[in-house]
Every structure is written in C-alpha cells, then in structure tokens.
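Trainee: May we go through this structure together, beginning with how its helices pack?
Mentor: Certainly; let us have it in view first.

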Amino acid sequence: MPELPEVETVKRGLEPVLKGRKILKVETRRGNLRWAFPPGFVATLQGAKVTSLARRAKYILVGLDSGQSLLIHLGMTGRFTVLTPKGTTNLGEFYFETGAGEKADGPHDHVVFDLDDGVKLVYSDPRRFGMMDLVPADGMHKLLDELGVEPLGNELSADYLAARFKKKAAPMKAALLDQSIVAGLGNIYVCEALWRARISPKRKAGTLKHDKLEELVRHIRDVLNDAIRAGGSTLRDFQGADGEKGSYQERFQVYDHEGDPCPRGDGVIKRIVQSGRSTFYCQKCQK
DNA sequence: AGAGCTACCTGAAGGC
DNA sequence: TGCCTTCAGGTAGCTC
C-alpha cells in the first residue's frame, strides 16, 4: 500500500480534479471492497458537491457540502485513474487523458464517479483491501478516533514517543507500525527511518534514550518529506492520481535491498521477519 | 493490557 | 511452457 507519502501524493492529485465539482453519479460495481459499502452510500454522494480534500494518516477525506465526508483507504493496491472526455483541452497536469483502450471496464474497476465537468474518476483495487465509508458531519468515525499523531505534525515529539513507549516490550519495528501511536508509517518508511536513525528494528521500544528519540523524530519527518517531494514510491501497483509513477523507490537505502552493502559502512543489509512482515536493516550500524 | 498471529484477495515473480 | 510456492505497501479481529 501506499504509505503516508503515497496517500499524500494521491490526495494532492485528486484535489484539482474533485474540489468544487458536483458528483453526478456514483457506480459501485460490487457490494464491497474490504467491507460492504454503507447503507445510503451512493445516494449520499450523488448530487453532493466536493468542498475539500484532506489526508489523515493513510486515509483520504473528501469533504462534501452536506457536511459529511467520503472516507477512503487505498489498502495495498487501491488506485485512482482520472478519465477526461476525448478532445478535452487544457488538461491540468494531474489529468490522465482518455485515449484508445482507456475505459473504466477493467475487472478491478470497482467504483466510478461521474463529475459535472465530464470527468470520470475510477477507483481500482485488485486485492480489495481498500475501503470507502461515510463520515457524519460531526467528523466522528471509529477508524479515525483510534489513530495516533500525524508524523509530520507538531504533536510528534521525543516527549510524546517517550510517554507512549514507556515500558513497551515490543520491538521498535512493531511500535512504529502501530497506527495508534504514530499514524501513517508503513513497512517501508519504518525500515528507512530506523536505518537513518541507526536504531535496530529489534530494539525494545521502551529502552530508547530521549536524545535517540529526538533523532528518530527528525529522521521520520525527513524520510517522509523526501518521499513526498519525489511523488511517493512506485511499488508494483502504486501510481499517483496523475498516472505518473513516483520515484522514491529508487532512493530506498535498505528496503528490498537484502544482501546489498549498507550504503554508509561495510555492513550488509539483512532481511528478517517481524510480526509476519519483512524488515530490512544493517546489523552493523543499527543498534 | 499488550504482543503476536491469521485472514482478507489477487497477481507477479522465481524455482523446477 | 506450465505448475507450484512465496511474497507484496494494511489492518481488524482473534488468540494467548
């Protein structure tokens, strides 16, 4: 899946396509993605005008003039494609022009939004780990309520991490993947941030000193900002909303680099499995 | 309460 | 060529 930088890239790509537009029609090609669409999903969206786009952790929030929001999670393979009518000129950089063979009829095209300017927005998701739901006008939603702090916001600090990691026996890898502590990090950027901060993914979260946590916070912010600047990473299924591939994967230092020399020393990148997921790190410089 | 595992689903890649 | 296994960015929900 897209982790935070990829979701941010998609949100930025969708903004000029959706903001200010009226949704004329919504077509759900099946009854569910990860879960069934909520009752009234289509009826609520049809006729609504989009007033805002926002991101919270790995969720995209599409604000509507009714006060409600459309909540979207891309799961592992969720993707948006923007189709414009043939002959449309003056395409913005985020548009994906309709061409021969470019139709919304693929086996994994699950949701199609028709907008009032003739654009079709297509949501595709082969594995269907993604989800869409409605958030009421008060903004309360179970999935949002349980999220921890935004890694790029002011709430993330060494003090915050020290409080949340206190007495924590879980390894750093698991602690940073826990969305109720820091929301938006995923498998790749946890590996990259720990490598940058020279912290072992196996280190017990509760054992980190304050100055090390400060370094970690800085490196988390840096790696996410670097990735956003590069337009996210493209791994198998991910593309930005403009169909352009992100380029950050070319800059991974450790992720998917098993056996390669550590970029900053004479160690070798090792792959281990932690809580069922691959971790890449350098035994020599990450302590 | 906290930590760890399974399940959800499809497709790509590698080994034989 | 084809069959089989393994792996993939996430996370809710279950066990222990």
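**Helix packing and burial**

Trainee: Is the crossing of α6 and α7 left-handed or right-handed?
Mentor: α6 and α7 cross in the right-handed sense (the near helix is turned clockwise from the far one by less than a right angle). Please note that this is a predicted model, with pLDDT of at least 70 needed for local features and 80 or more for side-chain atom pairs, while totals for chains, interfaces and linings use all residues. Residues are numbered from 1 along each chain, chains are lettered from A and ligands numbered from 1 as written, and side-chain values use heavy atoms without hydrogens or water.

Trainee: At what angle do the axes of α6 and α7 cross?
Mentor: Roughly 130 degrees, and the axes of α6 (residues 187-196) and α7 (residues 210-229) come within 9 Å. The two helices are therefore oblique to each other (35 to 65 or 115 to 145 degrees).

Trainee: Which residues make that contact?
Mentor: From α6, Tyr189, Glu192, Ala193, Leu194 and Arg196 take part. From α7 come Leu216, His219, Ile220, Asp222, Val223, Leu224, Asp226 and Ala227, contact meaning heavy atoms within 4.5 Å. By class, 8 residues in the contact of α6 with α7 are nonpolar, 1 is polar and 4 are charged.

Trainee: And how far apart are the axes of α1 and α7?
Mentor: The axes of α1 and α7 are 9 Å apart, and the helices pack at an angle of about 40 degrees. That makes α1 oblique to α7. The crossing of α1 and α7 is right-handed. Leu4, Pro5, Glu8 and Arg12 of α1 meet Leu224, Ala227 and Ile228 of α7. This contact of α1 with α7 has 5 nonpolar and 2 charged residues, with no polar ones.

Trainee: How many residues of α1 are buried?
Mentor: Of its 15 residues, 12 are buried, so α1 is largely enclosed by the rest of the structure; buried means under 20% relative accessible area. Among them are Leu4, Pro5, Glu6, Val7 and Glu8, as well as Leu14, Val17 and Leu18.

Trainee: What phi does Gly20 take, just after α1?
Mentor: Gly20 has a positive phi of about 85 degrees.

Trainee: Changing topic: which strand holds Asp114?
Mentor: Asp114 belongs to strand β7, which spans residues 109-115. Its relative accessibility is 18%, so Asp114 counts as buried.

Trainee: What is Asp114 in contact with, leaving aside neighbours within four places in sequence?
Mentor: Asp114 touches Lys22, Ile23, Leu24 and Lys25, together with Val119 and Lys120.

Terms used. Axes fitted to C-alpha atoms, helices over the stretch in contact; angles between N-to-C directions. Helix = DSSP H or I, 4+ residues; strand = E, 2+ residues; numbered from the N terminus. Nonpolar A, V, L, I, M, F, W, Y, C, P; charged D, E, K, R; others polar. Buried < 20%, exposed > 50% of the residue type's maximum accessible area, 1.4 Å probe, protein only.
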